[in-house]
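The following exercises ask the reader to work from a displayed structure towards a reasoned description. Each task is followed by a solution in steps.

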Protein chains: 2
Amino acid sequence: MFTINENYQKLPGSYLFSTIAKKVNDYSAKNPEKKIIRLGIGDVTQPLVPAILEALHKAVDEMGNAKTFHGYAPDLGYDFLRNAIVEHDYRIRGCDITADEIFVSDGAKSDSANIQEIFGSNNRIAVCDPVYPVYVDSNVMAGRTGTYDAGTERWSDVIYMPCTMENDFVPELPKERPDMIYLCLPNNPTGTTITKPQLQAWVDYANQVGAVIIYDAAYEAYISEENVPHSIYECEGAKTCAIELKSFSKNAGFTGVRLGYTVVPKELKCGDVSLNGMWARRHGTKFNGAPYIQQRAGEAVYSAEGRAQLKEQIGYYMRNAAAIKKGLQEAGYTVFGGVNAPYIWLKTPGKMTSWEFFDDLLERANVVGTPGSGFGPSGEGYFRLTAFGSHENTIAALKRIQSL
Amino acid sequence: MFTINENYQKLPGSYLFSTIAKKVNDYSAKNPEKKIIRLGIGDVTQPLVPAILEALHKAVDEMGNAKTFHGYAPDLGYDFLRNAIVEHDYRIRGCDITADEIFVSDGAKSDSANIQEIFGSNNRIAVCDPVYPVYVDSNVMAGRTGTYDAGTERWSDVIYMPCTMENDFVPELPKERPDMIYLCLPNNPTGTTITKPQLQAWVDYANQVGAVIIYDAAYEAYISEENVPHSIYECEGAKTCAIELKSFSKNAGFTGVRLGYTVVPKELKCGDVSLNGMWARRHGTKFNGAPYIQQRAGEAVYSAEGRAQLKEQIGYYMRNAAAIKKGLQEAGYTVFGGVNAPYIWLKTPGKMTSWEFFDDLLERANVVGTPGSGFGPSGEGYFRLTAFGSHENTIAALKRIQSL
């Protein structure tokens, strides 16, 4: 008789966003006249920019002609895209990354969940707390996290690095030694980030203890302050200890288009074994390349027109972020993030829990956000709002919250 | 110090198609005047049909308008596509499959490699020999295959089910009891398949011994004979023992578009645990939905226009298959497949090995095929040609082979 992967049974209850969807649907069913504004899930709302649409249409036309038709893509991505990535995301920042260290994929969520597969099952992981839930959940499925304590909401074998207002949301080097360190910077959900010297300290630490850093830079395009690194490879020595995950979802509105990439430097090794070669083998065996038309759209992200149009789109969302931050501060809330990321992280008022505030906001303001506790135990007492709504909805939601 | 997944070190040498590419490149470099015809890799060459192009353009336009923009897709796929799949691939064949048993993905290669993740690491796998290499390789990475014997080219813990001319390419029930049985029918690479009563015997066996069948039906659209099942769910009892993988790559030319789906029936359980729920959890954690525009293209595959145009496209490839088969038979080769699949499987002449025939064909006819031994030890002495070339190239290649 076949058996199942028993680790799946350890995953607690339902996924955060499913629970939110259920609560919102229940409320809507009981109150059909209420117009709900959703600032919960981190999904974009603005249409693709003209340069990207043009690239997509052109690529579709190519697929309609035998002379320009494209079948299987190279497993690791087309050179035209990998070269554009190298030039615009790395070379101009002085990072020495080459095209054969870039692996194009169908998005950073898949990569961030799959990357653990090339590591040993005995590796100890460390995560910021709170953080994007996929890092922990994918390691639960792989059996690396030990047992779950429903009381503390913690896994026995995971090293949690609290990021709260008490430490200015800067993760501290852990007391126990980790093997794999997940850093999401700018952070989802807190919207906060760290300086280049602070990240350099992490790189030095990882090289010293022999840990690998899995660096999720999905929100890099939203960085507005100087001295905040856009890539971990801006730090000395990162190529011997860090993998970087990048998404086109947030900088180019590709949540429904699906495209991302991962950087695995050739210098990153375990003994003699190159992780670059391992990830290439994983890509070649368990993935079949990102679609041609999506890769052409990705190339357009880096064209002069694309960059100008996307700068404007990011500006649109960041004006939302600034408006939410200012408006909530004026209403007396303690607010973080929103400067280098499209997320606003607020302290729930009084002694309200994250879910109590969620219910209150849904019922009294008809606004949906995300309870901080859904991102990790140290997220309790916080709440996330996204700047990805339309400007009209964002302002309307803000007014409702202010009038509570 | 972090460790790696040591199973990767067990994978022998390079991937089949990389070796072929290297040999062809070397030959081309030395003989730049020779025009090589590639009938090796199973990649399509004909452009997307008009109904699909129209759907792609329309979906791209929708992505350019805030009112019709689509962000994150539902993890499991849009209802419009899942409903079309249910209607056209199952209901019309009398198979009782519902939309919530369909999981849309970025292609059958990913699914066929990922599906093993929901099973226990102690499960014993059985594969047809020869077969598509991804089933074994993905299980090697997961540590289910034991040790590799380079002499016999076999893994110690894999049950091989030889499919050769001696048994008419019909896999026999194994003597050792497997937990997971991979069946690819019509088979890649042999192009052969089995009848409905023969498949029913496999379903009965799986239910009896408590094994799960992972049924890869990627080439289903090429079936031309009666009494050959298009889906395993045409067999009684398959819903309690079988998962079915489907691709849009070969029936609609989507190798570079990327779209597929997997069926996990709700009745398929291990004790009380529903595999449908497990796969949903895997999809929700490690995947972020197939792109909106691809799913609209998938919907067009099932429209009246799409179906008519694709019937014609499949006819085009199958005329190639018939021409290769007839031409090779006339030249004295022993040939299989090509009736219910776009692959021709031929016995190498005399006592030539698969790779000897590969080299001979490359050097004397400048035609590239795939050595049968690359698909498993019982593929030795066979050779695969695909019908996916253009008609002109196919006929030209055939003439060259005939004149050897």
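**Exercise 1: The fold of chain A**

Chain A contains 13 helices and 17 strands. The model is predicted.

Task: Determine whether the radius of gyration of chain A agrees or disagrees with that of a compact globule.

Solution.
Step 1. For 404 residues, a compact globule would have a radius of gyration near 22 Å.
Step 2. The value for chain A is 21 Å, which agrees with that expectation.
Step 3. Along the principal axes, the C-alpha atoms of chain A fill a box of roughly 60 × 55 × 50 Å.
Step 4. Of the 404 residues in chain A, 64% are buried.
Step 5. Among the contacts in chain A with a separation of 6 or more, 73% join residues that are 24 or more positions apart.

**Exercise 2: Surface and charge**

Task: State how much area chain A exposes, and what share of it carbon and sulfur atoms supply.

Solution.
Step 1. The exposed area of chain A is about 14400 Å².
Step 2. Carbon and sulfur atoms supply 50% of that area.
Step 3. The side chains of chain A include 40 positive and 47 negative ones.
Step 4. The centres of these two sets lie 3 Å apart.

**Exercise 3: The relation between the two chains**

Task: Identify the rotation that superposes chain A on chain B.

Solution.
Step 1. Chain A is superposed on chain B by a rotation of 180 degrees, with 0.0 Å of shift along the axis and an RMSD of 0.0 Å.
Step 2. That is the relation of a two-fold axis.
Step 3. Within chain A, the residue that comes closest to the rotation axis is His57(A), whose C-alpha lies at 3.1 Å.
Step 4. Because 100% of the interface residues of chain A are also interface residues in chain B, the copies meet through the same surface.

**Exercise 4: Backbone geometry**

Task: Which peptide bonds leading to Pro130(B) and Pro186(B) are cis or trans, and what is the sign of phi at Asn227(A) and Arg258(B)?

Solution.
Step 1. Most peptide bonds are trans, and most residues other than glycine have a negative phi.
Step 2. The bond from Asp129(B) to Pro130(B) is cis, with omega near 5 degrees. Pro130(B) belongs to the loop between strand S3 (125-129) and helix H6 (134-141) of chain B.
Step 3. The bond from Leu185(B) to Pro186(B) is also cis, with omega near -5 degrees. Pro186(B) is in the loop between strand S7 (180-184) and helix H7 (196-209) of chain B.
Step 4. Asn227(A) is not a glycine, and its phi is positive, near 70 degrees. This residue is in the loop between strand S8 (212-216) and strand S9 (242-247) of chain A. With a relative accessible area of 47%, Asn227(A) is partly exposed.
Step 5. Arg258(B), likewise not a glycine, has a positive phi of about 75 degrees. Its place is the loop between helix H8 (249-252) and strand S10 (260-263) of chain B. Arg258(B) counts as buried, at 3% relative accessibility.

**Exercise 5: A covered helix**

Task: How many of the eight residues of H6(B) are buried?

Solution.
Step 1. The buried residues in H6(B) include Val134(B), Tyr135(B), Val136(B) and Asp137(B).
Step 2. Ser138(B), Asn139(B), Val140(B) and Met141(B) of H6(B) are buried as well.
Step 3. The count is therefore eight of eight, as buried means under 20% relative accessible area.
Step 4. Just after H6(B), Gly143(B) has a positive phi of about 80 degrees.

**Exercise 6: Two loop residues**

Task: Classify Lys239(A) and Thr334(B) as buried, partly exposed or exposed, and name their contacts.

Solution.
Step 1. Lys239(A) lies in the loop between S8 and S9 of chain A. Its relative accessible area is 15%; because buried means under 20%, Lys239(A) is buried.
Step 2. Beyond its neighbours within four places in sequence, Lys239(A) has contacts that include Asp96(A), Glu101(A), Tyr233(A) and Glu267(A).
Step 3. Thr334(B) is in the loop between helix H11 (304-330) and strand S13 (335-337) of chain B. Its relative accessible area is 37%, and Thr334(B) is therefore partly exposed.
Step 4. Again leaving aside neighbours within four places in sequence, Thr334(B) is in contact with Met165(B), Trp345(B), Leu346(B) and Lys347(B).

Technical notes. Residues are numbered from 1 along each chain as its sequence is written. Chains are lettered from A and ligands numbered from 1 in the order in which they are written. Side-chain values use heavy atoms; hydrogens and water are left out. Helices (H or I, at least four residues) and strands (E, at least two) are DSSP runs, numbered from the N terminus. The radius of gyration is taken over C-alpha atoms; the globule rule is 2.2 Å times the number of residues to the power 0.38. Buried means under 20% relative accessible area, exposed over 50%, partly exposed in between (1.4 Å probe, protein chains only). Contact means heavy atoms within 4.5 Å. Accessible areas come from the Shrake-Rupley method with a 1.4 Å probe; for residues, only the protein chains shown count as cover. Lys and Arg count as positive and Asp and Glu as negative; His and the chain ends are not counted. The place of a charge is taken as NZ of Lys, CZ of Arg, CG of Asp or CD of Glu. Copies are superposed by least squares on the C-alpha atoms of residues with pLDDT of at least 70 in both.
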